[in-house]
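New to this one? Take a moment with the picture below, and then we can walk through it together.

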Amino acid sequence: MSLGASKSLLNESTREVFARWEDARQSWRDSKSAEFDKEYLAPLPQAVATATRIIEELDLVLSKIHADCD
């Protein structure tokens, strides 16, 4: 799988997680739900953004390496 495809899959999967979470929140509204949201889901967008940036940087480095080897 290419880095571009990995980046796309990561973003698509993140959107899916938040869509599923919205569905779950319709019936799960207690302190554990709020704790789960705060602990695991609130940090997710920043973590995905960081991972996406790193994937883009790796893609540039690998492209340069590939070009240098040709």
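What follows is a tour of the helices, how they pack, and a few side-chain pairings.

Before we start, keep in mind that this is a predicted model.

Let's begin with helix α3, which runs over residues 44–69. How far apart should the ends of its 26 residues be? At 1.5 Å a residue the expected span is 38 Å, because the span is counted as 1.5 Å times one less than the number of residues. In the model, the end C-alpha atoms of α3 are 37 Å apart, which agrees with that expectation.

Now look at which side chains of α3 are tucked away. V48, T52 and I55 are buried in this helix. And what do the buried residues of α3 pack against? Their partner is α1, the helix covering residues 3–25.

So how do these two helices sit relative to each other? In general, a pair of packed helices is described by the angle between their axes and the distance between those axes. Here the axes of α1 and α3 come within 9 Å and cross at roughly 170°. That angle makes α1 roughly antiparallel to α3, because anything over 145 degrees counts that way.

You can trace the contact from both sides. On the α1 side, the residues involved are L3, K7, L10, N11, T14, V17 and F18. Across from them, α3 brings L44, P45, V48, A51, T52, I55, E56, L58, D59 and L62.

T52 is a handy residue to zoom in on. You'll find T52 in helix α3, and at 11% relative accessibility it counts as buried, because the cut-off for that label is under 20%. Which residues does T52 touch, once its neighbours within four places in sequence are left aside? The answer is K7, L10 and N11. These three are also on the list of α1 residues that meet α3.

Next, let's turn to charged pairs. How many salt bridges does a search of the whole structure find? It finds six, and we can visit some of them.

Start in α1, where R20 forms a salt bridge with E16. The closest N and O atoms of that pair are 2.6 Å apart. R20 and E16 are four residues apart in helix α1, so about one helical turn separates them. R20 is exposed, with a relative accessible area of 56%, whereas E16 is partly exposed at 39%.

Hop over to α3 for another one. E57 pairs up with R53 in a salt bridge whose closest N and O atoms are 3.1 Å apart. Since these two are four residues apart in helix α3, they too are separated by about one helical turn. Both partners count as partly exposed: E57 has a relative accessible area of 41%, and R53 comes in at 42%.

Also in α3, K64 forms a salt bridge with D68, with the closest N and O atoms 3.1 Å apart. Once again the spacing is four residues in helix α3, so about one helical turn lies between K64 and D68. Here K64 counts as exposed at 53% relative accessibility, and D68 is exposed too, with a relative accessible area of 55%.

Last stop: the aromatic rings. The count comes to four aromatic pairs. One of them is W21 with F36: their ring centres are 5.1 Å apart and their planes are at 45°, so the pair is tilted. This pair links distant parts of the chain, with W21 in helix α1 and F36 in helix α2 (residues 31–41), 15 residues apart. Are these two rings buried or exposed? W21 is buried, with a relative accessible area of 6%, while F36 counts as partly exposed at 31%.

F36 has another ring partner, Y40. The centres of those two rings are 5.3 Å apart and their planes are at 45°, so this pair is tilted as well. Both residues lie in helix α2, four residues apart, which is about one turn of the helix. Y40, at 53% relative accessibility, counts as exposed. To finish the picture, W21, W28, F36 and Y40 form one aromatic cluster.

Definitions and conventions
Residues are numbered from 1 along each chain as its sequence is written. This is a predicted model: local features need pLDDT of at least 70, side-chain atom pairs count only at pLDDT 80 or more; totals for chains, interfaces and linings use all residues. Side-chain values use heavy atoms; hydrogens and water are left out. Buried means under 20% relative accessible area, exposed over 50%, partly exposed in between (1.4 Å probe, protein chains only). Contact means heavy atoms within 4.5 Å. A salt bridge is a side-chain nitrogen of Lys or Arg within 4 Å of a carboxyl oxygen of Asp or Glu. Rings of Phe, Tyr and Trp (its six-membered ring) pair if their centres lie within 6.5 Å; planes under 30 degrees apart count as stacked, over 60 as edge-to-face and the rest as tilted. Axes are lines fitted to C-alpha atoms, for helices over the stretch in contact, and angles run from 0 to 180 degrees between N-to-C directions. Angles under 35 degrees count as roughly parallel, over 145 as roughly antiparallel, 65 to 115 as roughly perpendicular and the rest as oblique.
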